[in-house]
Every structure is written in C-alpha cells, then in structure tokens.
Amino acid sequence: MYGLELAGEQDAFAVYEAKSAAAGVELVAPGLATAGSITDRVETLAYTRRAIELLGRTDADVESARALLRAAPIEREGTVAVRARDVRGSSGISTQRAQRELGSVLVDRGFAVDLEEPDHVLYVLFSSGEVEADEIALGRVPDVVGDSLDVCLVGWLAAESTRDFTERKPTDRPFFQPGSMAPIDARAYVNVAGAGPGRFVVDPMCGTGGLLIEGGLVGARVLGVDVQEKMVRGTKRNLESYLSDSASSTTSVEFGVVRGDATALPLCDSDDTGTQTGTQTDTDTVDAVVFDAPYGRQSKIARHELAELVEGALAEAKRVCRSDGRTVLVADRSWREAAISAGWEVDAVFCRPVHRSLDRYVHVLTGAAEPGRENSP
Ligand SMILES: C[S@@+](CC[C@H](N)C(=O)[O-])C[C@H]1O[C@@H](n2cnc3c(N)ncnc32)[C@H](O)[C@@H]1O
C-alpha cells in the first residue's frame, strides 16, 4: 500500500491524474491519497509530489504517529531521515516537533540519522479538513467529499515527481504568445490522455506547443497541427529546444508540426480494434488527441465559428484515434454535448479556475460509443 502527497488545490483532479501512474487511488484527506500499487510514471506526475510505501495511517497528531512508528515492522538497514509535512498547512502540526520525535523513535530502534544523504527517508504527512467538490462539474466524486477528515500517513519515500515546471515557463521559451498554458497543467493533461513511451499523441490546435512539449518529455511521439503558419514555425522551435537530441540528456522523442485544419486532419482513419497492451503496433495509430480550444479572447479562430471548429475537431479526433484511445479537450466552457454527438463517451469533466474571469473545462473523452449515442455520466 502506498500514500500519495498531492499538489495543487484540486484533489479530485489530482487523484484522476494519479490514476495514470498508480492503481487503486483513493482520496483519504485534503491533499492525501492512498494507492494499491504505483509505477515509475509517478515521476512524471504534475499534481502528485511523492509516493511513500505506507507503514500505516493514523490520526493527525504526533503522539499517534509516534505510537504507529514504535509498533511498525521495519525491515530496512542503513541511515535514515524523517521529513514531516503539514499538507496545505491544514493540521497546524509542528512539523519540527514531529521530525524530532519520530526521529528519536528510529534512533531507539537502532538507526543512525543522516540528514544529508540518508539511505531511507521516512515521510510523515499530516492533513485535516473537509474535502471539497467545488471543482467537479461532472466526474466521479470521491467517496470522502464533504467528510471532515484528520489523517496522518507514515511511510518510506518510494518515488518523487520531478518538479522542474518553472524551468519551462512559456515566457522563457524561444517562441511565446499570450495565452500559453502553464507547463504543470499541460503535463497533467497529457498524463490524463495517457501519454508515455510508445504512445502517439496529436494536438490538432497546438498554438505554441505547450502540450506537445510535456507529451514529448514523458516519452510520447508527438505531432502538432495549427492553422497559423506563425504557430507552426514557433512550435517547431519550441520542440527543438526541449525535445531534440541536443536538448535532452535522456532519450529524445520523435516530433513533428504541420500546418493544417483541426477539422480536416492530415492523418489516416484509425482502423484498429483497440490496443490492449499499450504497446504500439501500428506507428500511425493515434493513441491520444489532446487540445486546448480557442477561448475567443486571444486565439484566432481561423476559418470557422467556434462551435463548428470544436465539433469538427472532436469528430476528427474520433476518426483518427484508436478505438480505445482518449481525447482530452480543454476549453473555456463545457463541450460535453458536442463530444457525445461526435461519438465520445464522457469519462469526466473538471472545471479548473485559471484566474478570476477564466475557468478551464477539462473533458476526458474515451472511445467506444457510436456517433450520436447518448451515454453517461
Ligand atoms: C488556445 S490556442 C492553443 C494554445 C496552446 N495550448 C498553447 O499553450 O500555446 C488555440 C490554437 O488553435 C489554433 N486554431 C484556430 N483555428 C484552427 C483550426 N481551424 N485548425 C487548427 N488550429 C486552429 C490557433 O491558431 C491557436 O494557435
């Protein structure tokens, strides 16, 4: 069993993203979840900071955490450090006191403390408060929403996500335009879409390429399409800067950007029957489409009225995407009905505030429905 320390303020969305890297994820308190198992994809998550191998779960107070640690079986050798976190400042616990007291339990149990380079790091994660459902327009509401919770998770650090999003600030990229998406959000959206090694991800309205950069950095092959030549040239520069051999010390990924219309993509129909393993057999088969529709504020809505553009892009996504693939559509309003009409199943819609006058609706669409069929939720 594992514990997850979530990031951001929107737990339902963080849990949803975490499911791309872990199984059996359940929210247990504000900013805290548990999982039955994790994969190495945890390192790519935007809204999960770390995963710990659980020793146990108790109330959010230092005495209970100490009692849990005294009784827990520990099959580890080497030096240790204890790190306590008052997640979102919700519990009011003194983390210094928690570190001191749980550290002394480990010393009593024969461990040497090394704060600089410990062999094992014990995390003690405290959280209290009510889990809110405000951000959910539609989706699977976690069971604990509305409950007042008081939880401490104690466990050994198993994996941490790489928190390097500020190194890719849109304004620092070779090509920048106002309205570019924050890298942390772009990462979450490509994860929700299922991007990763062996996957082919298409953004049919790529703008400055924010989604493609994050898709490529998690290992997917990425293709961008935009109707404006300026965006195509700019995105190429951005992808070269972050995804080419010279930009990456790890493996480089294939990427491409072409000028085109999202309602008439330059891609073949998907004629597969679904890929169960996630390993790609047909390199032209699109595994996921992810896009950020124009908001009618900054972005140019070229060639089409907005509804015509989004409906056409959803239909094209359905045409090119493998039958068990996904589309993630980000927009300033709900396009749920349009998605259903285009033949998608709506798995979830999250409403995420960006600033006072802008909410982003994040639609997670899955295959399988016949065009026009009504579905749930
Ligand atoms: C909201 S922006 C995408 C922003 C992008 N996520 C980013 O971070 O830069 C929408 C993009 O859709 C493009 N667009 C508008 N109409 C289009 C069409 N018919 N086909 C393809 N792209 C289109 C615009 O040129 C714009 O770059």
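How do the residues of the shell around the ligand divide into nonpolar, polar and charged? In this predicted model, the shell comprises 11 nonpolar, 7 polar and 4 charged residues, where Ala, Val, Leu, Ile, Met, Phe, Trp, Tyr, Cys and Pro are counted as nonpolar, Asp, Glu, Lys and Arg as charged, and the others, Gly among them, as polar. Because the model is predicted, local features were considered at a pLDDT of at least 70 and side-chain atom pairs only at pLDDT 80 or more, whereas totals for chains, interfaces and linings use all residues. Residues are numbered from 1 along each chain as its sequence is written, and side-chain values rest on heavy atoms, with hydrogens and water left out.

The ligand is surrounded by 22 residues, of which Met181, Thr208, Asp226, Gln228 and Ala262 come nearest; a residue is taken as near a molecule or strand if one of its heavy atoms lies within 4 Å of it. Several polar approaches involve the ligand, a polar contact being defined as a pair of N or O atoms within 3.5 Å, with the further conditions that, within protein, one atom must be able to donate a hydrogen and the other to accept it, and that residues adjacent in sequence count only if both atoms are side-chain atoms. An oxygen atom of the ligand lies 3.0 Å from a backbone N or O atom of methionine 181, and a polar backbone atom of valine 227 is 3.3 Å from a ligand nitrogen atom. Aspartate 261 takes part through its side chain, an N or O atom of which is 3.1 Å from a nitrogen atom of the ligand. The ligand taken alone exposes 610 Å², and the protein buries 97% of that area, as computed by the Shrake-Rupley method with a 1.4 Å probe, where for residues only the protein chains shown count as cover.

The count of salt bridges comes to 22, each being a side-chain nitrogen of Lys or Arg within 4 Å of a carboxyl oxygen of Asp or Glu. In one of them, the side chains of glutamate 5 and arginine 85 meet with an N to O distance of 2.6 Å. Since glutamate 5 belongs to strand β1 (residues 2–6) and arginine 85 to strand β7 (residues 80–86), the pair ties together parts that are 80 residues apart in sequence; helices (H or I, at least four residues) and strands (E, at least two) are DSSP runs numbered from the N terminus. Glutamate 5 is buried at 1% relative accessibility, whereas arginine 85 is partly exposed at 31%, with buried meaning under 20% relative accessible area, exposed over 50% and partly exposed in between (1.4 Å probe, protein chains only).

A further salt bridge joins glutamate 214 to arginine 187, whose closest N and O atoms are 3.0 Å apart. Glutamate 214 lies in helix α5 (residues 210–217) and arginine 187 in helix α4 (residues 183–193), so this pair links parts that are 27 residues apart in sequence, and both glutamate 214 and arginine 187 are buried. Through shared partners, salt bridges also join Glu5, Arg50, Arg85 and Glu160 into one network. Aspartate 172 and lysine 169 likewise meet in a salt bridge, at 3.8 Å from N to O; aspartate 172 is partly exposed at 48% relative accessible area, as is lysine 169 at 40%.

Serine 128 is placed in strand β8 (residues 120–130) and is buried at 18% relative accessibility, its side chain making a polar contact of 3.0 Å with the side chain of aspartate 150.
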